[in-house]
Amino acid sequence: MWRKIFGSGNKTSVDREETVPFELTVDRASMPRHIAIVMDGNGRWAKSQGKSRSAGHEEGARTLKRIVRAASDMGVEVLTVYAFSTENWKRPKLEVDFLLKLFDSFLEKELAEMHAEQVRLHFIGRRDRFTERFQQRMADAEQLMAQNTGIHFNLAANYGSQDEILRAVRSIAERAAAGEIAPEEIDEEFFSNALDTAGDPPVDLFIRTSGDLRLSNFLLWQSAYAELYFTETHWPDFTAEELARAIQDFAGRSRRFGGLDAEE
Ligand code: IPE
Ligand code: IPE
Ligand code: MG
């Protein structure tokens, strides 16, 4: 058994004092390599506190910062979070504009620290609906952190799984039509590498906060065999401790992948 106890006590910088103590007792081989999170419930959290939806999103951004750090401390290889879906443009313009500004300020405020902590940031989703300036900022951040050796942090912005799959299919079809690839070369690995998450292992643990029992167009291909974890906790209240509980729960599950348990 591999035992590791983490907490705010062994953190150094001032910011790290925010980290909620947690304990994780998981055998290294049972750790999820890739965790996906649908960060839902900012609005419901805000309502329960008598605050504006914007205040809920701001609190959600603070939670995100803590969870990236916690996942990294726990030894998770890849963390992919759903920040804005291709469907979220349906929201009132004021809320959409607020969210776009929040991504921008999140990048501005957190980039240096994430970089110093060896986080490798990557954006997934379609970028062409963002301003040139923001697209440039995304590209610069990715380039800056491309050689980092720590957690691979995918931020899904204007992301929809069906849109991602269609973009991949189109680009493969174009290459096939141009004679660059033969149709029989297109297997699961080839297709996975045509997605925005190219190079990442499949999702092991899929978490959704705030109680709704749906996937909402997030990582459908990548989560084909993911273990699902739903919690009533609204995203702003989600803690490192609860992430550790989800991992602990995951580690106790029997993943058969269509086969049988070893003892059967
Ligand atoms: C998740 O919280 C954040 C985004 C979708 C951007 P919501 O804003 O969906 O919160 P609820 O679901 O209304 O509570
Ligand atoms: C999913 O949450 C998208 C994000 C968390 C960014 P939504 O709140 O948009 O999903 P639905 O509307 O409940 O399916
Ligand atoms: Mg929601």
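**Figure 1. Polar contacts of ligand 2 in the predicted model.** In this predicted model, an oxygen atom of ligand 2 lies 3.2 Å from an N or O atom in the side chain of Arg208. The side chain of Asp40 also takes part, with an N or O atom 3.1 Å from an oxygen atom of ligand 2. Ser216 contributes a polar side-chain atom, which is placed 2.6 Å from an oxygen atom of ligand 2. Ligand 2 exposes 390 Å² when taken alone, and the protein buries 78% of that area.

**Figure 2. The surroundings of ligand 2.** The shell around ligand 2 consists of Val38, Met39, Asp40, Tyr82, Ala83, Phe84, Asn88, Arg91, Arg208, Arg214 and Ser216. Strand 4, which spans residues 78-85, gives the most to this shell, with three residues. The space that ligand 2 takes is the largest pocket.

**Figure 3. Polar contacts of ligand 1.** Two arginine side chains are shown here, those of Arg44 and Arg91. An N or O atom in the side chain of Arg44 is 2.7 Å from an oxygen atom of ligand 1. For Arg91, an N or O atom of the side chain is likewise 2.7 Å from an oxygen atom of ligand 1. Gly43 takes part through its backbone, with an N or O atom 2.9 Å from an oxygen atom of ligand 1. Taken alone, ligand 1 exposes 380 Å², of which the protein buries 86%.

**Figure 4. The surroundings of ligand 1.** Ligand 1 is surrounded by Met39, Asp40, Gly41, Asn42, Gly43, Arg44, Arg53, His57, Ala83, Asn88, Arg91 and Leu99. Helix 1 (42-48) and helix 2 (53-74) each supply at least two residues of this shell. Helix 1 gives the most, with three residues. The space taken by ligand 1 is the largest pocket. Residues such as Asp40 and Arg91 appear in the shell of ligand 1 and also in that of ligand 2.

**Figure 5. The pairing of strand 5 with strand 6.** Strand 5 (residues 120-124) and strand 6 (residues 152-159) run parallel and are joined by five bridges. Within this pairing, Phe123 has Leu155 of strand 6 as its bridge partner. Between the two strands, the chain passes through helix 4 (residues 132-145). This β-α-β crossover, from strand 5 over helix 4 to strand 6, is left-handed.

Definitions and conventions
Residues numbered from 1 in each chain as written. Chains lettered and ligands numbered in written order. Predicted model: local features only at pLDDT ≥ 70, side-chain atom pairs only at ≥ 80, totals over all residues. Heavy atoms only, no water. Pairing = 2+ DSSP bridges. Helix = DSSP H or I, 4+ residues; strand = E, 2+ residues; numbered from the N terminus. Right-handed = clockwise from strand over helix to strand, strands pointing away. Near = heavy atom within 4 Å. Polar contact = N/O pair within 3.5 Å; in protein donor to acceptor, adjacent residues only side chain to side chain. Areas by Shrake-Rupley, 256 points an atom, 1.4 Å probe, with all protein chains shown as cover. 1 Å grid on protein atoms, 1.4 Å probe; cavity = no way out; pocket = protein on both sides within 12 Å on 5 of 7 lines; lining within 4 Å. Sits in = over half its atoms within 2 Å of the grid points.
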